[in-house]
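Hi,

Here is the structure I said I would pass on to you. Have a look at it first, and then read my notes below.

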Amino acid sequence: MSENHPDGFLLHPRRTIGYREARSRTRDYQQIYAFEWDSRELSTQGQRCMDCGVPTCMGGCPIGNLIPEWNDLVYRGLWEEALARLHATNNFPEFTGYTCPAPCEPACTLASNDDAVTIKDIERAIVDMGWEKGWIVPCPPTQRTGKRVAIVGSGPAGLAAAQQLNRAGHAVTVFERDDVIGGLMVYGIPDFKFAKHMVARRVQQLRDEGIEFRAGVNVGVDVPLAELQADFDAVCLAIGALRPRDVSVPGRHLQGILFGMEYLTAENRRQAGRPVDGVADARGKRVVVLGGGDTGADCVATAHRQGAREVVQVSINPRAPEERPEDNPWPQQPQTYRRTYAIEEGGEEAFSLNVAGFVDTDGDGRVNRIDFERVDWKRDRYGRRTEKIVLESGIEQPADLVLIAIGFEGPEVAPLREDRLAVTERKVLDTDARKMSSIPGVFVAGDASRGQSIVVWAIGEGRDVARQIDAWLMGTSRLPPSLQTPNPPSPPRGL
Ligand SMILES: Cc1cc2nc3c(=O)[nH]c(=O)nc-3n(C[C@H](O)[C@H](O)[C@H](O)COP(=O)(O)OP(=O)(O)OC[C@H]3O[C@@H](n4cnc5c(N)ncnc54)[C@H](O)[C@@H]3O)c2cc1C
Ligand code: SF4
C-alpha cells in the first residue's frame, strides 16, 4: 500500500528542475536543462502525487510507466527501488527523462484544475541518480537459446528491441548504416537537447550484456536483406521514418535551401569532432525555418547558437489558441499554443503562411527571398487540411538560409532493394498484428511502422516487437508487454 501523503498537492506548489536561462544557454551547446537538482525538492514533488484510483497519467504515457509507484518511492527516499520500477517498463529512462514531451503530465488528475505533478523531472532525477550511484549495470542473460536475431537500425526502437531480445537469451546483432550507434538520439536531436554521452554509456551497457554492434553497414546496399534472413533466425527493421518531405515550388534548386535534418546532423557531427561535408553555417545570416514542429524548433535553436542575424520559424497552420477549445477537454492532450524552448531563446514565429517560391534577387544562384501567401484551410472532421484558401499573396521575406522541416514521408525503403516489402497508404512498412512485415520472419518497429513519432513510442515499439519475435521463435514469451499489446502475442502459425 502506498504511504503517499494524500494532500501533498495542497501543501506544495509544482516546482520543476527547469531550464538554464534562455539567453545564456544559446552561447554554448551544453544541455538546455538546469544541470543541478535537489533530491529533497524532488521527494517533495513526488508527494504531490495523489496516487489516484485510476492513474490517468499512466494512460497518457505510451509505455504505461508506473508513475504513481515511483512518485511514492521517491517521496519515501527509496530511489534505487524507484529506478527498478522505472526500468520495469522503460529500457532507457534518460532518453525520455530528457527528451519526452511528457504527454503524461496533461493527463495527470491534478492537471484537470491545478498544476500537474512534475513527472518527467522525477523520471530524469531517478535515472540521473541511478547512473551517478552506479546502480545501472549490465544484466546479461543466464541462459542462451541458440537463436540469432538481426536488428536493422540503432535508434531507440532498435536498441530497446535488442536489449529485450538479448535478455530473453537470443544472440542479437544490431546493424547501423551511420558511423555511430543511436539513430536520431545521436544524429538529429541536437546535443543541447540530449547529450550524446548518454547514448554511448547505454550502448556500452548493451555491449557488456552481449549485444554485437555493426556500424557503417547499410542493409540492402552493403549486405542484402536476404543474406540477413539466411544468417539469422529473425530480422527486425527499426529503420526510422527519415525520408524528408519537400516543397515543390519555383526556385527550390537554389543554393542555401536544405533539409533541416541535413543541417542538424551536420551540427551533431561538428560537435562530436567528426568530419562534416560543407556544414551550413547560419552565422550572420537571415534564417527562415519552414515548419512549425519540433524539428523546426531544433533548427531555430541551432541557428541561434551558430550566431544567425535573425531567425523566423514559419508554420502553414494558424496559431493554436491559448486556452483549451471546448471540444478538447482534460485528459486529452491540449491543442493549445506552446512557446517552444527555441522561441524562448529568440526569433520570431509566423503562422498561416504557405511558400509560393524561392527567389534569387542578385543572380548568384543563392536564395535571397521567399515569397509566401497567407492561407486558411478547409478541414475534414479529423482536422486534416483538405482545401487551401488564399487570403493574401506576394508576402516577401528576406532569407539567406532556408531550412525545410515540414515533416517526414515514412521510412527509406528503396535502399533495402526488397520488392517483397509492402508499405501502407501512409507510406510506412505494413505489418500484421505480430508486427511482422509482408516478408515472413522480418519484423518492424518504431517510426518505420508508426511514422515519425516520439522517443517513448519507439521504446514501446521496440519492447513490443521483442516480445513478438521471442514468441515467434520460442512459441511463447515471458518478456513483458508494453501498453500497446495488453494480450499475449499469438503463437507462430506453422512457420
Ligand atoms: C530533429 C528531431 C528532433 C526530435 N526530437 C525529439 C524529442 O525531443 N523528443 C522525442 O520524444 N522525440 C523526438 N524526435 C523523434 C524521435 O527522435 C524519433 O521518434 C525516434 O528516434 C524514432 O526511433 P526509431 O528507433 O524508430 O528510429 P530512428 O531513431 O530514426 O533510427 C533509425 C536508424 O535506422 C538506421 N537505418 C535506416 N535504414 C537503414 C539501413 N538500410 N541499414 C542500416 N541502418 C539503417 C538509420 O541510420 C537510423 O540510425 C525528434 C525527431 C527529429 C527528426
Ligand atoms: S516516458 Fe514520457 S510520457 Fe512516459 S512518464 Fe516519462 S515523461 Fe511521461
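Let's start with ligand 2: α9 gives the largest share of the shell around it, three residues. Helices here are DSSP runs of H or I with at least four residues, strands are runs of E with at least two, and both are numbered from the N terminus. The full shell is Cys 61, Asn 65, Ile 67, Thr 96, Cys 100, Ala 102, Pro 103, Cys 104, Ile 119, Lys 120, Glu 123 and Val 456, where a residue counts as near if one of its heavy atoms lies within 4 Å. By class, that shell has eight nonpolar, two polar and two charged residues. (Ala, Val, Leu, Ile, Met, Phe, Trp, Tyr, Cys and Pro count as nonpolar, Asp, Glu, Lys and Arg as charged, and the others, Gly among them, as polar.)

Before you go further: this is a predicted model, local features need pLDDT of at least 70 and side-chain atom pairs pLDDT 80 or more, while totals for chains, interfaces and linings use all residues. Residues are numbered from 1 along each chain as its sequence is written, chains are lettered from A and ligands numbered from 1 in the order written, and side-chain values use heavy atoms, with hydrogens and water left out.

Back to α9. This helix has 15 residues and spans 21 Å from first to last C-alpha, close to the 21 Å expected at 1.5 Å a residue (1.5 Å times one less than the number of residues). Since 13 of its 15 residues are buried, α9 is largely enclosed by the rest of the structure. Buried means under 20% relative accessible area, exposed over 50%, and partly exposed in between, with a 1.4 Å probe and protein chains only. Just after α9, Gly 134 has a positive phi of about 80°.

The second largest pocket also draws on α9, which gives the largest share of the lining, five residues. (A pocket is an open set of points on a 1 Å grid over the protein atoms alone where a 1.4 Å probe fits, with protein on both sides within 12 Å along at least five of seven lines; lining residues have an atom within 4 Å of a point.) Of its 20 lining residues, Gln 31, Phe 35, Tyr 98, Arg 124 and His 197 lie nearest the centre.

Finally, some backbone details. Arg 417 and Lys 435 both sit in the loop between β12 and β13. Phi is near 45° for Arg 417 and near 70° for Lys 435. Arg 417 is exposed, at 58%, whereas Lys 435 is buried, at 11%.

Cheers
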